[in-house]
Amino acid sequence: MQGRKTFEDERELRFSLSAHVPEHNFYRQLKHRLDLEFLYKLTQPYYGRCGQHSIDPVVFFKLCLVGHLENIVSDRKIIEHCSLRLDLFEEVFTRVLALCVEAGMVSGHTQVIDSALIKANASMDSLELKVPRQELVDHLERVRAMSPADRKAMRDKASQQQRTLTASRDELQEIRARNIKWGQDQHPGASNKNSRFTSNKTHYSPVDPSARIAVKPGKARKLCYLMQLSVDASRHVITHVQADHADRKDSLCLPALLGGLTQRLQLLNLRCSTLLADTGYSSGENYAFLEQTGITAFIPPHGTYKGGPEGFAYQQEGDYWLCPEGKKVTFRNVLVEKKNNNRKRTYYTTRKDCRDCPLKERCIGHLHVKKIEVT
């Protein structure tokens, strides 16, 4: 019995977990592909030489990677630590992307961009009302007069600018009207009973000033960040990531996203020549910007887009449209729609031009002039 026990002990001592992992295992294959030894040199300035040793940088990065791959919610302290070391993670991201380029997994010339909302670690219940500027100034004066302990209890992470009410009278009136409508639509079993219509124009988060109320049709309002992402079209490798406020439109994020992407690709001797995106990134400014940078864009126009009528040719020199009969439809003014702030350029012919036109019935019907509105 003693000899058998000694043999089993020796077998347990010789046991290797790695030997029991099959060759086709994803993490075993990833280990062969991903060499993270460069992290030791990269993180050396952040590690002390005395006291208790911190977690190994390679182990730490692998934990983050596994957490992402397995969709495991990471610990809050790790998130806080990562937020202080974004420059380090930026370098790691670029190094890993460089490995993908070396392996022939990135072509660079065609990039696909999109965005996603990332839920913030803050509750909607924590929202505070913004107040008029003078009211906020008076409040801050009262806070300064308090004792240090009381001031600490009332600490608000948001800036003075973010806590100041900037919504116009019309916007406030619209929000009040929506709150009244919500109250009327609710019934005893409603899931949104006693809820309120919240807006970034009237509310802010004192615990997480970077979080914004995200609004998407058919989805509950919640505090989020906005992630902008670009992916290489050849093998679907992520080439750039950046964060923004969740109340910001995708179209406004495109120039900064493309700037960061271009800079990263240049470091790897690559260049983006074609860009694909959905309608959220469409705007006249973006089309002009992409044209100036020499990038061919496949971005369908937004649903509110309105171009010139069929058969009419736009003449840039002189800013007018030419009808099939050779008459000018000249620019008159710019109209701004209150509902969505869309700007439209309006063009008109004259009554004289249209009076005896053979295409009048088909073109303007019972009207006297031709009107063109272009967003």
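**Exercise 1. Confidence**

Task: State the mean pLDDT of the chain and find where pLDDT falls under 50.

Solution:
- The model is predicted. Its chain has a mean pLDDT of 79.
- A pLDDT of 70 or more is reached by 73% of the residues.
- Residues 150–154 stay under 50. The model gives this stretch 6 contacts beyond four places in sequence.
- Residues 190–195 also lie below 50. Here the model has 6 contacts beyond near neighbours in sequence.
- Where pLDDT is low, predicted coordinates should not be read in detail.

**Exercise 2. The open sheet**

Task: Give the strand order of the open sheet of 5 strands, then identify its edges.

Solution:
- The order runs β9-β10-β11-β12-β13. Pairing is antiparallel.
- β9 (313–315) and β13 (371–374) each have a single partner strand, so one side of each has no neighbour in the sheet. These two strands are the edges.
- From one strand to the next, the twist averages 35°.
- Now take one pair. β10 covers residues 320–322, and β11 covers residues 328–336. They are joined antiparallel over 3 bridges.
- Within this pair, Trp-321 faces Val-329 of β11.

**Exercise 3. Ser-251**

Task: Locate Ser-251, decide whether Ser-251 is buried or exposed, and list what Ser-251 touches.

Solution:
- Ser-251 sits in helix α11, residues 250–267.
- Its relative accessible area is 13%. The cut-off for buried is under 20%. Ser-251 is therefore buried.
- Leave out residues up to four places away in sequence. Ser-251 then touches Gly-280, Tyr-281, Ser-282, Ser-283 and Asn-286.

How values were computed:
Residues are numbered from 1 along each chain as its sequence is written. This is a predicted model: local features need pLDDT of at least 70, side-chain atom pairs count only at pLDDT 80 or more; totals for chains, interfaces and linings use all residues. Side-chain values use heavy atoms; hydrogens and water are left out. Two strands pair if DSSP finds at least two bridges between them. Helices (H or I, at least four residues) and strands (E, at least two) are DSSP runs, numbered from the N terminus. Axes are lines fitted to C-alpha atoms, for helices over the stretch in contact, and angles run from 0 to 180 degrees between N-to-C directions. pLDDT is the predictor's confidence in each residue, from 0 to 100. Contact means heavy atoms within 4.5 Å. Buried means under 20% relative accessible area, exposed over 50%, partly exposed in between (1.4 Å probe, protein chains only).
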